[in-house]
Protein chains: 2
Amino acid sequence: MRREVTLRDVAELAGVSSRTVSNVVNGYANVTERTRERVQRAVEELGYRPNVLARNLAQGRSGQIAVVVPYLDTPYFSELLQSVIRAARISGYNVLIDQTDGDAEHERGFIAHGSRRLLFDGVIFSPLGLDQRALADRDPALPLVILGERASDGSFDHVGIDDVAASRQATEHLLDLGRHRVAAIGDQPYATGEAAQLRTQGFREAHTARGLSIREDLIIGTARFNRPDGARAMADLLDRGDPPDAVFCYSDLVALGAIHTILARGLRVPEDIAVIGYDDIEDGRYSNPTVSTISPDKEWIATTAVERLLLRIGSSTPPPGLELRAPHKLIVRESTTGRASRP
Amino acid sequence: MRREVTLRDVAELAGVSSRTVSNVVNGYANVTERTRERVQRAVEELGYRPNVLARNLAQGRSGQIAVVVPYLDTPYFSELLQSVIRAARISGYNVLIDQTDGDAEHERGFIAHGSRRLLFDGVIFSPLGLDQRALADRDPALPLVILGERASDGSFDHVGIDDVAASRQATEHLLDLGRHRVAAIGDQPYATGEAAQLRTQGFREAHTARGLSIREDLIIGTARFNRPDGARAMADLLDRGDPPDAVFCYSDLVALGAIHTILARGLRVPEDIAVIGYDDIEDGRYSNPTVSTISPDKEWIATTAVERLLLRIGSSTPPPGLELRAPHKLIVRESTTGRASRP
DNA sequence: TTGAAAGCGCTAACAC
DNA sequence: GTGTTAGCGCTTTCAA
């Protein structure tokens, strides 16, 4: 393979210094129109294109941001990623994506002072395996934005919705329907299950606010927020007899899994059991029945996360870590109120 | 910020040359056990970690591969990406992901001799907006593996399933059920719609093989393979009167959209209209009804694509472009055969 | 087995 | 406004 055309080659042909060529290529100010044109012509004649790798080294930055999520095939994340990629691209950043499968070691590798560190100028991170303490122990120089539920310690931004309020709202919707035995599927009562615990808290608050007691055995845990776990949890619930008449699921996938089980058992949704989910993924808008849900403003989350991260990357004195609350709303569909007319 | 620890610092402390440190860090052979230890100690003492950016420049490679898909939130792609990332990681590669929204210009940017070229050592690419001709006009030095339907011109590998055979199989399944008015949703009769056209071809072959004629008006086009387009196409079909009794959808998402419409109209699946999809995404395994489908071996596709790409990246004389056929199978679920017992 | 030193191609401080 | 030049930190050829 023949040698690549370099800045110096262009400089030589144009009869200027490489410094000037660099200026032209990067669109810096101080260049005469005449020189610019000469350089431009040389660039085209030689088919020159800058070497990103060299530029990265010289600038000490990579022009990439990493987005780290536990699972790529979770619609909530893939929908979010779409918006993140678009937002990043607008600002000239490439997006390096990785999924961690919730593995703590792997997650640590992204925020630690490791050898991959220079590969990205900042990280948008949705932790699953790492608890709050592990998060604190990271490369302090790494611009970081956290998604999901890990309260900021002031050194990074945190973007998410108000999980407690949203969960309370979802539960209240079920109670408003006149349901009395409301179950919750998705609790994770351990250090890394903060998001789940906040939802459980909202679930509780909805009850206590109305003076209702909670049947603790109706709070079911799941390892993941996916369809299979939702289906399994629901099966457990039904196997016990004395089934609930409504279920608050901690994600739409869990809800879809739960609905699958309910229907397979010959029960009806919502007549026998009303179901509400969380996330508002597209699936729930086309499923049968369609799924009532809490809808976080994903576009807001994505653009805000990118915006804050770029701000961090750009500033020499790191801005204070913010708690950013995305808007959310309750969306009522068939899985709680049924359909007007359908067989 | 204090200066980073460099190779030279380590060399100085260990009393060796930077060359030796490099050897140790990279695990190269020729180093005495004693020197290795001394260097190792110095590395730890100083907290040295190599600078990827510098290494990239020196080696002229980035250690990254790009995976370019039209839409990230399409479950088929996100499921595939999962496996690709895992496979790439095992070989020490990072994965840069981008979505093109099917935009031809954007897609071209990835395979052209552009300035981003050096950012990745190779590309796994699922084109949507680019036709065969545009594909041929690319940086010939770029290691490339194509997913989906773009026959290889010998300069890249192509991984996909036998779309014609699979589509024929899906259609035959519907005909086997005794259905006579079978519709097809998803045709794309233009240059970039090759995948769709192959499926239409399989659809036709199934009919002609049995001496059945095809109602051309039952072949419906869609711009994308997603739920909304599937729902819309089905609505069009039903609005015309004389509805089909079975539908072959070119993706599971299209099928889910179509089913949504059918049920909303008060018709039953499969009693009134049987539906089969394509891709075998998780949604179809939990939906109501569950969706019969063509299941490509995604794991095979992902690992094969990565394997071939790394082979290309590693060899100075590019290997011949291969046509690689992944296994697939027909999966029968409720949307075509109904359920044994459910209300 | 190890050392010296020449790049890799670009950026940017400094001089003119 | 433009040129000179010293890095950026690592890899790797060549010589010892």
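# Exercises on a predicted protein–DNA model

D279(B) is placed in the loop that runs between strand 9 and helix 12 of chain B. The model is a predicted one, and the exercises below start from this loop residue.

**Exercise 1.** Determine whether D279(B) and D242(B) are buried or exposed, and state what is notable about the phi angle of each.

*Solution.* Begin with D279(B), whose phi is near 125°, a positive value in a residue that is not glycine. Next, count its surroundings: 26 other C-beta atoms lie within 10 Å, and because the threshold for a buried residue is 20 or more, D279(B) is buried. Then turn to D242(B), which sits in the loop between helix 10 (227-239) and strand 8 (246-249) of chain B. The phi of D242(B) is near 45°, again positive in a residue other than glycine. With 10 other C-beta atoms within 10 Å, D242(B) falls under the limit of 12 or fewer and is therefore exposed.

**Exercise 2.** Locate the cis peptide bonds that precede P270(B) and P289(B), and give omega for each.

*Solution.* The bond from V269(B) to P270(B) is cis, with omega near 5°, and P270(B) belongs to the loop between helix 11 (252-264) and strand 9 (274-276) of chain B. The bond from N288(B) to P289(B) is likewise cis, with omega near 0°; here the proline lies in the loop between helix 12 (283-286) and strand 10 (293-296) of chain B.

**Exercise 3.** Describe the packing of helix 10 against helix 11 in chain A by its angle, axis distance and handedness, and then by the residues that meet.

*Solution.* The angle between the axes and the distance between them are what describe two packed helices. Helix 10 (residues 227-239) and helix 11 (residues 252-264) of chain A pack at about 45°, their axes being 6 Å apart. This angle makes helix 10 of chain A oblique to helix 11 of chain A, and the crossing is right-handed. The contact involves, among others, A231(A), M234(A) and L238(A) from helix 10, and L253(A), L256(A) and I262(A) from helix 11. By class, the residues of this contact comprise twelve nonpolar, four polar and two charged.

**Exercise 4.** Repeat the analysis for helix 8 and helix 9 of chain A.

*Solution.* The axes of helix 8 (residues 163-176) and helix 9 (residues 194-209) of chain A come within 7 Å and cross at roughly 45°. Helix 8 and helix 9 of chain A are therefore oblique to each other, with a right-handed crossing. Residues of helix 8 in this contact include V164(A), R168(A) and L175(A), while those of helix 9 include L198(A), R199(A) and F203(A). The contact divides into eight nonpolar, four polar and five charged residues.

**Exercise 5.** Characterise the surroundings of V68(A) and find which residues distant in sequence V68(A) touches.

*Solution.* V68(A) has its place in strand 1 (residues 64-69) of chain A. With 22 C-beta neighbours inside 10 Å, V68(A) counts as buried. Leaving aside residues up to four places away in sequence, V68(A) touches D98(A), T100(A), F110(A), V123(A), F125(A) and S126(A). For F110(A), which is 42 residues away along the chain, the C-alpha separation from V68(A) is 8.0 Å.

**Exercise 6.** Work out which elements form the surfaces near DNA strands C and D, and which helix gives the most residues to each.

*Solution.* Take strand D first: 26 residues surround DNA strand D, the closest being V16(A), R19(A), L7(B), A54(B) and A58(B). The elements giving two or more residues to this surface are helix 2 (18-25) and helix 4 (52-59) of chain A, together with helix 2 (18-25) and helix 4 (52-59) of chain B. Helix 4 of chain B gives the most, with five residues, and the surface has ten nonpolar, twelve polar and four charged residues.

For strand C, 26 residues surround the DNA, and the closest are L7(A), A54(A), A58(A), V16(B) and T35(B). Helix 2 and helix 4 of chain A and helix 2 and helix 4 of chain B each give two or more residues here, while helix 4 of chain A contributes the most, with five.

**Exercise 7.** State how many residues of chain A and of chain B are in contact, and which elements of chain A take part.

*Solution.* In the contact between the chains, 45 residues of chain A meet 46 residues of chain B. On the side of chain A, helix 4, helix 5 (75-90), strand 2 (94-99), helix 10, helix 11 and helix 12 (283-286) each supply at least two residues. That side has 22 nonpolar, 14 polar and nine charged residues.

Conventions. Residues numbered from 1 in each chain as written. Chains lettered and ligands numbered in written order. Predicted model: local features only at pLDDT ≥ 70, side-chain atom pairs only at ≥ 80, totals over all residues. Near = placed C-beta within 6 Å. Helix = DSSP H or I, 4+ residues; strand = E, 2+ residues; numbered from the N terminus. Nonpolar A, V, L, I, M, F, W, Y, C, P; charged D, E, K, R; others polar. Axes fitted to C-alpha atoms, helices over the stretch in contact; angles between N-to-C directions. Parallel < 35°, antiparallel > 145°, perpendicular 65-115°, else oblique. Left-handed = near helix turned anticlockwise from the far one by under 90°. Contact = placed C-beta atoms within 7 Å.
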